[in-house]
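Visitor: I am new to this structure and would like to learn how to read its hollow spaces and its ligand. Could you take me through them step by step?

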Amino acid sequence: MKSQATLSYGGDYNPEQWDPAVWREDIDLMVKAGVTMVTVGVFSWARMQPDAETWDTAWLHEVIDLLHAAGIRVDLATPTASPPPWLGALDPAVRAVTPEGHRFGHGSRNHFCPSSTTYRERAIEVATRLGEEFGGHPGVVLWHVGNEYGQYCFCETCTEAFRGWLRRKYGTLTALNDAWGTAFWSQHYSEWGQIHLPGVVPYLVNPTQSLDHRRFASDLLLDCYREQRDALRPLVGELPITTNFMGFFDLIDYRTWAAEVDVIADDHYGDPASPDQPFQTALVHDLMRSLKHAPWLMMEQAMGAVNWRQRNVPKTDAQRRADVLRSVAHGADGVLSFQWRQSRSGSERFHSAMLPNAGADTRYHRSVRQLGEELRAMADVAGEHRRGDIALLFDWESMWTLQEPSVPDRSRQVIETLQAWYRPLWERGFLVDVVSATEDLSPYRLVLAPSLHLLRAEARETLRAHVEAGRGLIMGAFSAAVDENDALLPGPFPVGFTDLLGASGEQWWPLPDDGVQLRSTRWGQMHVSGWAEQLALTDGEALASYDHSDLGPAIVRKGEFTYLTCLPPHEVLADLIAEAAEAQAIRPDLGPVRSAAGAEVLRRGPLTFIFNNTTHAITLDLLREASDALTGIPTGDALTLSAGESVVLREVQQ
Ligand code: GAL
């Protein structure tokens with residue numbers, strides 16, 4: 001079902017930074033640029049409420065009325081990410097505390113303590129006020145609570161909140177002591193009040209305490225989101241309410257948040273200086289599309305340079321265009337940027353915007369306008385959703401356990417491993433769903449589990465049934481090792497799968513920096529670094545083995561189940577995945593394109609998006625006739641894309 005008739009285009013709009021005369025110019029320029037939606041209010045708390053007793057929203061009414069009159073829809077934000085200085089002065093506990101016990105000062109943003117009653121009451125108050133004033137405004141179509149939730153606070157109130165969370169989770173101290181394994185190092189708790197947040201400790205911290213802290217911190221911020229959302233709900237009717245996520249951001253478990261937002265919205269800032277950016281970005285987009293298995297919204301991206309990396313490189317015109325189109329290709333129903341007009345003051349004065357400091361009469365801004373026109377021409381793709389061909393498993397809690405410092409190798413990089421597995425899928429044009437090991441995997445004939453370190457019993461049962469049904473599973477190193485308490489699962493690893501694999505793991509074996517050799521009749525000699533495991537073979541087949549006196553099989557297969565004890569070279573991983581897909585008769589849907597052959601190709605609805613991310617021209621064969629979605633020009637039977645070029649094809653109706 002179509003959720004929207006148009007693809008939204010626009011960005012954060014911060015009118016509080018400008019005179020009213022500029023608002024009018026902005027809106028005029030927005031219309032010319034094809035802007036259809038802007039996010040207003042994100043950081044305007046101090047403007048809305050200059051002190052504890054005074055409200056001033058007349059300016060906001062004026063801005064929203066002007067936008068509405070121009071046909072630009074508003075995503076109205078509650079300004080609660082940045083409480084004004086007067087609030088921190090009224091009650092210093094509004095400001096969060098670092099693990100070392102320092103309380104944040106003002107002068108930046110996101111400094112609030114998520115358990116501060118003063119903060120939360122005031123945040124609800126401002127959300128309610130906005131809901132009352134604008135809930136029925138015809139120009140407001142989306143509500144945006146806070147901004148990029150994601151911080152820790154180590155104050156006493158948060159410590160007390162942690163204890164409350166643990167009480168609700170465990171019920172009794174006996175259950176907590178058991179789950180946390182507190183027999184170790186004399187950590188047994190006899191009173192709830194003895195429990196601390198894992199802030200500053202002399203040595204390795206209890207890993208379960210740490211894991212629960214991460215779950216708690218994500219839940220605590222979710223409470224902050226929820227109470228504003230719940231205050232808004234009766235005031236805004238059926239309008240969608242959301243907040244902006246940050247991809248694989250590791251302080252929040254977005255899976256638990258996904259059900260609480262009406263539409264998934266993401267902020268993504270790929271580094272234009274990195275040649276790997278296209279596939280890394282595609283992976284994040286696929287995660288977002290998979291969180292609700294529905295179209296999502298690119299809430300923030302940059303049209304050019306950001307200002308917060310060590311070196312902030314602008315985007316080329318081709319990159320700017322590719323990034324906008326890539327979001328749509330991967331299921332976004334709109335692309336908003338940070339921000340509409342470049343700030344003149346403040347920490348983001350060097351951050352790009354849709355309207356640059358240099359003005360509208362610039363090559364840069366003309367390309368922004370051009371993109372507005374292009375999105376209009378492909379609006380019929382809005383609402384189209386495609387289920388992925390292959391499932392790639394990712395769970396925040398599993399990543400958290402791998403980030404614990406007490407694992408065998410602290411350099412194990414969860415996201416890098418995920419990216420390495422994703423890349424061959426992306427190169428061949430498979431649409432990938434990034435899903436949890438605990439969700440329904442029955443729509444997928446092939447499941448990839450690069451880092452399923454934490455394995456819940458229900459996930460083990462689902463995956464066993466999956467393999468037993470003859471479906472494909474490729475599992476990566478250090479998987480099926482710990483339970484939901486981060487305690488070792490007993491027995492040889494991957495625990496619960498050794499019979500299906502025909503091999504059993506005995507020791508994890510991080511490799512020296514210079515790595516080791518692998519032998520394989522199929523791929524010859526190959527070099528791997530990073531991680532290895534000591535495995536004993538029963539009735540599995542070793543596809544590659546280590547040249548090391550104590551290490552045997554490196555890659556093992558039995559039936560449709562393959563296990564990798566290391567991260568093999570790209571070509572080997574690509575081969576294994578392609579083979580597993582072939583065995584399950586899964587072929588990428590490339591629309592009219594015969595083979596991706598060096599390009600990034602993805603079909604969505606009637607359109608096929610093609611990106612040449614290389615530095616040279618490429619030519620693709622077409623199976624069927626198509627035309628350029630923007631110009632309408634027919635392609636013929638081959639299509640040449642220059643370096644960096646993107647093309648969107650529309651298939652000619654028969
Ligand atoms: C985001 C944030 C925006 C802006 C942007 C700059 O994290 O939500 O307000 O700061 O980054 O890249």
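Visitor: What is the volume of the largest pocket?

Guide: A pocket is an open space, unlike a cavity, from which a probe cannot get out. In this predicted model, the largest pocket has a volume of about 770 Å³, and the space is the one taken by the ligand.

Visitor: How many residues line the largest pocket, and which of them lie nearest its centre?

Guide: A residue belongs to a lining if one of its atoms comes within 4 Å of a point of the space. Here the largest pocket has 34 lining residues, and those nearest its centre are Met246, Phe248, His268, Tyr269 and Trp308. Sorted by class, the lining consists of twelve nonpolar, eleven polar and eleven charged residues. Among its contributors are the helices α10 (277-291), α13 (396-402) and α14 (414-428), each of which supplies at least two residues.

Visitor: Which residues are around the ligand itself?

Guide: The shell around a ligand is read by closeness, with a heavy atom within 4 Å as the cut-off. In this model the shell is made up of Phe43, Arg109, Asn147, Glu148, Asp267, Tyr269, Glu300, Trp308, Phe338, Glu348 and His351. By class, these residues divide into four nonpolar, two polar and five charged. Tyr269 and Trp308 are thus names you have met before, as they also lie nearest the centre of the largest pocket.

Visitor: Where do polar side-chain atoms lie 2.8 Å or 2.3 Å from an oxygen atom of the ligand?

Guide: For such a pair of N or O atoms, the cut-off for a polar contact is 3.5 Å. A polar side-chain atom of Glu348 lies 2.3 Å from a ligand oxygen, while for Trp308 the distance from a polar side-chain atom to an oxygen atom of the ligand is 2.8 Å. Glu300 likewise has a side-chain N or O atom at 2.8 Å from an oxygen of the ligand. As for how far the ligand is covered, it exposes 310 Å² when taken alone, and the protein buries 95% of that.

Visitor: What is the volume of the second largest pocket, and which residues lie nearest its centre?

Guide: The second largest pocket has a volume of about 640 Å³. Its lining counts 22 residues, with Gln17, Phe43, Ser82, Ser108 and Arg109 nearest the centre; Phe43 and Arg109 also belong to the residues around the ligand. The classes here are seven nonpolar, twelve polar and three charged residues.

Visitor: How many cavities of 30 Å³ or more does a search of the whole structure find?

Guide: The search finds seven cavities of 30 Å³ or more, and the largest cavity has a volume of about 110 Å³. Of the 20 residues in its lining, His268, Tyr269, Gly270, Lys315 and Asp323 are the closest to its centre. Helix α10 gives the largest share of this lining, three residues, and α11 (317-329) supplies at least two. By class, the lining of the largest cavity has seven nonpolar, nine polar and four charged residues.

Visitor: Which strand gives the most to the lining of the second largest cavity?

Guide: That is strand β21 (residues 600-604), which gives three residues to the lining. The second largest cavity holds about 60 Å³ of space, and among the residues that line it are Arg289, His330, Glu384, Arg386 and Leu602. Its lining divides into three nonpolar, three polar and five charged residues.

Notes
Residues numbered from 1 in each chain as written. Predicted model: local features only at pLDDT ≥ 70, side-chain atom pairs only at ≥ 80, totals over all residues. Heavy atoms only, no water. Polar contact = N/O pair within 3.5 Å; in protein donor to acceptor, adjacent residues only side chain to side chain. Areas by Shrake-Rupley, 256 points an atom, 1.4 Å probe, with all protein chains shown as cover. 1 Å grid on protein atoms, 1.4 Å probe; cavity = no way out; pocket = protein on both sides within 12 Å on 5 of 7 lines; lining within 4 Å. Sits in = over half its atoms within 2 Å of the grid points. Nonpolar A, V, L, I, M, F, W, Y, C, P; charged D, E, K, R; others polar. Points joined across faces, edges and corners; volume = space filled by probe spheres on them. Helix = DSSP H or I, 4+ residues; strand = E, 2+ residues; numbered from the N terminus.
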